[in-house]
Structure formats: structure tokens, C-alpha cells
Amino acid sequence: MPLKGLKGRKALVTGAASGIGHAVAARLRNEGVEVFATDIHQTGKLIVCDLTDQGEVEDLAGKIPAIDFLVNVAGGPVAPTRKNTLPSLPKNSLVLESIKDVEWHAVIAANLTSAFLVCREFAPKMKARKFGRIVNFASIAARRGSSRVGVHYAAAKGGIIGLTKTLALELGPHNITVNAIAPGYIKTERIAKAAWGHDSPAAEQAFIASLPLKRAGKPDDVAAVVAMLCSEAGGYVSGATLDVNGGWYFGP
Amino acid sequence: MQVYYQTAMKTAIVTGAAKPDSIGFAVARGLREEGCDVVVADLYEQGFAELKDFLCIRTDVSDPVAVQEMIDKTVSKRKRIDYLVNAVGGSWGITQRDLTAPPPRGFRGLLNCTPEDWRTILGANLDSAWYCSRAAAPHLKKQGGAIVNVSSVAARKGIPPGAEGSSGPYAVAKAGVMALTRQLALELGEFGVRVNCVAPGVVSSGRLKKVLSFSQKNQIPEGSMAQIPMGRVGTVDEIASLVVALCTDDTSYMTGVVIDANGASYAA
């Protein structure tokens with residue numbers, strides 16, 4: 001049976017040009033959801049929006065109808081800019097001393113401020129309609145820490161978990177659920193290019209062999225969990241962070 | 001029947017599924033809708049008549065010998081086991097003689113329960129999940145599959161002393177179910193068997209209705225309704241959909257995970 005409660009709904013998916021966001025938009029469309037997709041750069045029918053800019057988020061809200069599902073995927077360990085919309089990931093670990101002020105602020109803005117601005121824009125409309133599902137993106141970096149991606153990314157994603165829990169309390173009375181997904185090693189194209197976190201193919205293989213499920217994740221694996229949270233199965237789940245990591249780390 | 005997931009022709013065992021209005025019952029129906037052949041293992045034989053589409057096996061899941069017999073019977077009749085849902089449990093009133101009796105009154109905390117209470121409650125909620133998982137594992141490992149355990153928000157936050165129809169050992173047993181989930185996930189991962197857990201808050205099952213019948217207005221087993229931000233209890237169908245999703249390929253990259261489904265009443 002198709003997942004219950006998805007067909008005919010409307011969704012906004014951010015960061016939808018590539019990777020997990022792209023997979024989320026495709027999966028929801030497959031379930032009969034009308035998807036409005038956004039990213040910082042133009043590809044296909046995406047709406048271009050810099051989500052760290054409050055004015056642009058307001059403009060975005062003016063371009064689309066009221067939505068039922070909000071999926072905040074936009075983000076990443078290296079903040080995009082209008083000129084470099086999908087920056088390459090560094091091959092080596094980002095150590096504390098190497099992170100510049102400007103990088104700290106940019107990564108916090110791209111991952112955390114963006115989610116705040118988008119929620120602040122769209123949650124009141126969900127409240128008015130007495131229905132909503134919000135799915136935010138945390139990361140394994142916030143759950144167990146990370147020796148690769150840098151403190152700015154881990155801190156921003158930790159912030160996402162706090163934002164998720166607090167919004168769950170605040171929006172629960174309005175029949176809006178708010179949850180986060182914390183993906184593990186998901187082999188998007190960008191991560192595959194950087195062999196993210198691994199010095200050699202052999203090191204990557206050894207890491208994958210150490211995972212209980214013995215494989216890297218796919219964007220579709222994560223998109224399916226988003227669909228689940230938006231469906232009937234997610235109706236009473238709120239304030240939760242779901243680890244989608246093949247057993248790498250079990251959360252609290 | 002239109003089949004959506006790769007669940008057709010698969011065999012699922014659901015324990016504690018014979019009582020109408022129970023999470024297990026809704027899970028059994030949900031897996032049937034996905035095309036699974038569903039085996040119901042339960043002590044509550046009175047419910048078997050309503051379960052015509054299912055292979056029902058009378059089982060005391062707190063007895064390892066009975067569990068092994070149930071697994072053997074399933075395999076001899078269905079040749080395989082793909083999913084195991086450990087939905088049996090309860091905060092008390094879970095022995096054969098309690099099945100049809102009204103729930104006992106009051107709260108049995110850790111300081112006023114007897115060793116017999118402790119053993120009965122841990123047996124039904126925790127030992128049962130281990131016995132069933134251990135006996136099903138050799139069959140799950142053959143082709144891969146999933147185990148889903150049902151825990152409780154009580155394992156996260158405890159149960160307020162005085163809560164009607166609840167007990168201290170229940171909170172302990174359900175915390176054990178979470179740890180059992182993680183440990184089994186490690187032991188079974190390489191065989192393509194995922195092990196996950198749902199931790200529901202207060203759910204409008206038949207049991208809740210019984211407890212509410214003698215509780216004060218707006219009081220639920222966990223305290224007051226005001227403690228649930230979503231302002232309502234969960235439905236059996238919501239929890240069952242979540243359990244079914246943890247069997248299907250939608251969660252193929254999740255293992256060892258506990259999903260809290262409590263209306264935002266406790267964020268872990």
C-alpha cells in the first residue's frame with residue numbers, strides 16, 4: 001500500500017538541487033505530493049532562494065501556496081554562495097584552528113539560520129490551517145561528534161536538534177509535528193567526489209565494513225524516512241531525532 | 001491485492017496481536033495489507049476467531065519452550081520468517097488469568113511490588129522479546145529481514161508514582177527492550193536483519209480505555225493530558241503504521257534505532 005496521508009498534500013523541500021534534497025523531492029512526488037523545490041541556484045524548475053536572507057525567504061513564501069510539509073534539507077559542511085552553489089568538500093579534516101570566523105558564521109547561517117528563517121515564515125501558516133509536518137536535517141556530526149567536518153557544522157546541526165525539540169513543544173498544540181533526521185554516511189555525489197572523511201578507498205571500505213549494515217547510505221534511504229514522517233506513521237512522532245546511519249551510532 | 005513494497009510472500013510473526021484495539025492487532029492487519037503472511041502468537045485465544053486471515057498460535061511468550069514451539073510451527077507451515085514484531089507487553093495484568101479480568105487498581109512501584117510482580121512484568125515485556133528474537137534469528141538470517149520491538153515512553157522518563165494501571169518494573173523492562181534492540185542490531189546487521197524499536201507514549205488502545213474508565217477526568221496513565229503538547233493520545237493505527245514502516249524498505253538504512261512516538265511529550 002502507498003504510505004497513508006501523502007497523496008494530494010503540498011510540500012516545500014529546500015536544498016533540492018542535488019543529493020538528499022533532490023531525492024526527497026522525487027520521493028514525495030512519487031507519493032502524489034505536490035512539491036515546491038528550492039535551492040540557491042537554478043536547475044530545472046527549482047525556485048532560487050538564498051535561505052540565509054530573510055527577505056528572500058519572504059519572497060519565497062509569496063511564490064508558493066500554503067504547504068502541509070516543510071522539509072529543511074539545505075545545508076552542508078561548506079556553505080554555498082551564489083557564485084559557488086555546490087562547493088567541493090575538503091579532503092582533509094577541518095581542525096579547530098583552521099576554521100576562520102567567516103567560515104563559522106557562514107556554516108551556522110547555511111545550516112541553522114536558514115532552518116530558523118524558513119520555519120518562522122511557514123509555521124504560522126501551518127498553525128492557521130491546523131496541520132503541518134516539519135522535518136529538519138541534523139547530522140551524525142551532532143549525535144556522536146565528528147573528527148572530519150568541523151565544529152561549526154557539528155554545532156549548527158546540534159542547534160537543529162534544539163530547534164526541533166523546542167518547535168515540537170510550541171507547535172504541538174496546533175497539530176504540527178516537528179522532527180529531525182540525522183543521516184550518517186550517505187554517499188551523495190558530492191561526498192563520493194571528496195571520498196568524504198577517508199584518506200583512501202581502502203580506508204573507506206574498512207569504515208563501511210565496520211558499520212552493522214555493511215554499506216554506505218543512499219539519498220533514497222533518507223528520502224524514504226522523510227516520507228514516513230510525513231505519512232500516518234509520523235502522526236504521533238514529534239520532537240524526535242531519527243538516526244539513519246546503518247547502525248553507526250545509536251543516539252540517546 | 002496491489003503490492004507496493006517488497007513485502008509480498010513474506011512471513012511476519014506478531015506477538016500480542018490477538019486483542020482487538022491493541023497495537024499488535026493493528027500491526028498484524030497492516031502487514032497483511034502489505035501482502036505479508038502474518039502469524040499471530042498470543043495467549044488470548046478468545047481473539048483468534050476474529051483473525052481468520054492469520055495463522056494463530058497460542059503462545060506464552062514468557063516461556064522459552066513455548067516460544068521455540070511457536071517458531072518451529074511457523075517454519076514448518078510457512079517455511080520462512082522475514083519479520084518479527086514483539087508487540088506483547090503491558091504494565092501489569094498480563095498473565096493468562098488477567099486476560100479477561102478488569103485491570104487491577106493502583107500503582108505498583110519498585111518499592112511496593114513483589115518479586116513475583118517484577119518477574120511477571122519483566123517476563124512478558126523483556127524476556128519475551130529476547131526469547132522470540134533468539135528463536136527467530138536463525139530463520140531471519142537466511143534471507144534478511146527485520147525485528148521491531150515495542151518499548152514505551154516509560155523507559156525514557158519513568159512513571160509518576162500513583163499512576164493508575166501502571167508499574168515500576170514496566171519502565172525498567174521497556175528500557176531493557178531499548179538496549180536489547182541496540183545489541184541485536186549489532187549481532188544481526190551483517191545478515192541483513194535490521195532491529196529497531198518504537199517507544200509509544202499514551203495510545204488509545206483497549207487497555208487505555210479500561211484504565212480511563214476508573215481514572216479522573218483528563219488523567220492518563222502518565223499523569224495529565226496537559227503534559228502532551230499535541231493535546232491528544234496517539235492512535236493504534238499511527239503506531240502500527242510506524243511499526244510496519246520499520247519492516248519495509250523505507251527504513252532499510254536504519255538499525256538499532258528507537259523512534260519515540262509520544263506527541264512531543266518527551267524528546268529523547
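This is a short dialogue on reading a predicted model.

Visitor: What helices and strands does chain A have?

Guide: Chain A has eight helices and seven strands.

Visitor: How compact is chain A?

Guide: Set the radius of gyration against the globule rule. For chain A the radius is 17 Å, and the rule gives 18 Å for 252 residues. The two are close, so chain A is as compact as a globular protein of that length. Along the principal axes, its C-alpha atoms fill a box of roughly 50 × 40 × 35 Å.

Visitor: What share of chain A is buried?

Guide: Count a residue as buried if 20 or more other C-beta atoms lie within 10 Å of its own. In chain A, 54% of the 252 residues are buried.

Visitor: How much of the contact in chain A links residues 24 or more positions apart?

Guide: Take the contacts with a separation of 6 or more. Residues 24 or more positions apart account for 76% of them in chain A.

Visitor: Which residues have the most contacts inside the largest nonpolar core?

Guide: That core has 173 residues. Those with the most contacts inside it include A:Val13, A:Ile181 and A:Val226, along with B:Val14, B:Val27 and B:Val198. Look at A:Val13. Beyond its neighbours within four places in sequence, its contacts include A:Val24, A:Leu28, A:Val35, A:Val71 and A:Val73.

Visitor: How many residues does each chain bring to the contact?

Guide: Chain A gives 34 residues and chain B gives 34 residues. On chain A, helix H5 (151-171), helix H8 (219-230) and strand E7 (241-244) each supply at least two. H8(A) has the largest share, five residues. The side of chain A that touches chain B divides into 19 nonpolar, nine polar and six charged residues.

Definitions and conventions:
Residues numbered from 1 in each chain as written. Chains lettered and ligands numbered in written order. Predicted model: local features only at pLDDT ≥ 70, side-chain atom pairs only at ≥ 80, totals over all residues. Contact = placed C-beta atoms within 7 Å. Helix = DSSP H or I, 4+ residues; strand = E, 2+ residues; numbered from the N terminus. Nonpolar A, V, L, I, M, F, W, Y, C, P; charged D, E, K, R; others polar. Rg over C-alpha atoms; globule rule 2.2 N^0.38 Å. Buried ≥ 20, exposed ≤ 12 C-beta atoms within 10 Å, placed from the backbone. Core = buried A, V, L, I, M, F, W, Y, C linked by C-beta atoms within 7 Å.
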